[in-house]
There are 2 protein chains.
Amino acid sequence: MSAAPSPFSARGSHAEIEEGVAFAPKFDEHGLIAAIVTDAQAGGVLMFAYMNADALTATIETGVAHFWSRSRKALWRKGETSGHEMSVAELRVDCDQDAIWLAVHVAGTGAACHTGRKSCFYRALPTGAPADGAKLAFVQDERLFDPAKTYGA
Amino acid sequence: MSAAPSPFSARGSHAEIEEGVAFAPKFDEHGLIAAIVTDAQAGGVLMFAYMNADALTATIETGVAHFWSRSRKALWRKGETSGHEMSVAELRVDCDQDAIWLAVHVAGTGAACHTGRKSCFYRALPTGAPADGAKLAFVQDERLFDPAKTYGA
């Protein structure tokens, strides 16, 4: 929930939301909106997080990705501890304006994940097989930094 | 919420969740998990939706994307009306296992959005400018099908 009034447009008609140019993001009952982050160069998904109105405003105005940390209950400028700041190459919104897509350039080692990996999505699950007992396989899981050194042990 | 018991692993320790091979997805208080869908060939984000345990199980077992429709409160095989079925090329999970990433091939015209466009993310917002009064710009917004004909007017 934002302390300051939201600077965004009020939600209009269905047609205005889907076919208009007014930015009227829909926040959920916790005051949050889903944010998908992809690599502006390589194209893969780097991470998934949530923004509140303050984080979305800061992201738009600074061009640097901000989120809402649900665990710390605080505004979170991504990279503030690790140095892996994300500069936004493009920001998009979806048809019903309840999800944000950021294509970013990641500073430092280029890692987006707190485990030290480039992407948070470093494990795959086979399809076409029973879900019961399915096992994850590590893919593109090289560590670009040591989280114990960066965040403390 | 799933009527059937979930076939997935129980949530283990922090280390097991982040560094293990057991698939232990975290569903939110509504029984849902976030699902990001990208184009397996071109790489961009096509859509964002949610899955419940049944939708996730069906997606894994059939290799065809299923979601939970929050508006219809029903299991939703994407493309069941429009023919734009999504076959999953790769399914990944993130570090804390509370988000799913599907790279897919879309059948039919290749459109993922109910507005007829390839991607739901057909509008961009400028950054480095005030959020107040920001206007969306249409990008890659060509319609691949006519929604009035596909879904009925």
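The following exchange goes through a predicted model of two chains, A and B, and asks how its features earn their names.

Me: What makes the meeting of Arg70(B) and Asp98(A) a salt bridge?

Reply: The name requires a side-chain nitrogen of Lys or Arg within 4 Å of a carboxyl oxygen of Asp or Glu. Here the side chains of Arg70(B) and Asp98(A) come to 3.2 Å, N to O, and because the limit is 4 Å, the pair qualifies as a salt bridge. Between chain A and chain B the count is 6 salt bridges, and there are also 38 residue pairs in polar contact, with both residues at pLDDT 80 or more.

Me: Which elements of chain A supply residues to the side that touches chain B?

Reply: At least two residues each come from several elements of chain A, among them helix H1 (14-19), helix H2 (53-62) and strand E6 (99-106). The element that gives the most is E5(A), with 5 residues. Sorted by kind, the residues on this side of chain A are 33 nonpolar, 15 polar and 15 charged.

Me: How is the size of the contact between chain A and chain B expressed?

Reply: The size of an interface is often given as the accessible area lost when the parts come together. For chain A and chain B the buried area is about 5,000 Å², and carbon and sulfur atoms give 57% of it. On the side of chain A, the residues that lose the most area to chain B are Arg92(A), Phe121(A) and Arg123(A), together 13% of what that side buries. Counted by residues, the contact takes 63 from chain A and 63 from chain B.

Me: Why are E5(A) and strand E7 (residues 123-125) of chain B said to pair?

Reply: Two strands pair if at least two bridges are found between them, and E5(A) and E7(B) have 3 bridges in the antiparallel sense, so they meet that requirement. One example is Val93(A), whose bridge partner in E7(B) is Arg123(B).

Me: What makes E3(A) and E4(A) a pair, and how many residues lie between them in the hairpin?

Reply: These antiparallel strands are joined by 4 bridges, and because at least two are needed, they count as paired; Ser69(A), for instance, has Ala74(A) as its bridge partner in E4(A). The hairpin they form has 4 residues between the strands, and Lys73(A) in the turn has a positive phi of about 50°.

Me: Where does UniProt place the feature "binding site", and how far apart are the farthest two C-alpha atoms?

Reply: The unreviewed UniProt entry places the feature at Cys95(A), Cys113(A) and Cys120(A). They span 26 residues in sequence and the farthest two C-alpha atoms are 27.9 Å apart, so they do not all gather at one spot. Cys113(A) lies in the loop between E6 and E7 of chain A.

How values were computed:
Residues numbered from 1 in each chain as written. Chains lettered and ligands numbered in written order. Predicted model: local features only at pLDDT ≥ 70, side-chain atom pairs only at ≥ 80, totals over all residues. Heavy atoms only, no water. Contact = heavy atoms within 4.5 Å. Buried area = accessible area lost by both parts, 1.4 Å probe. Polar contact = N/O pair within 3.5 Å; in protein donor to acceptor, adjacent residues only side chain to side chain. Nonpolar A, V, L, I, M, F, W, Y, C, P; charged D, E, K, R; others polar. UniProt positions renumbered as here; feature names shortened; annotations may be inferred.
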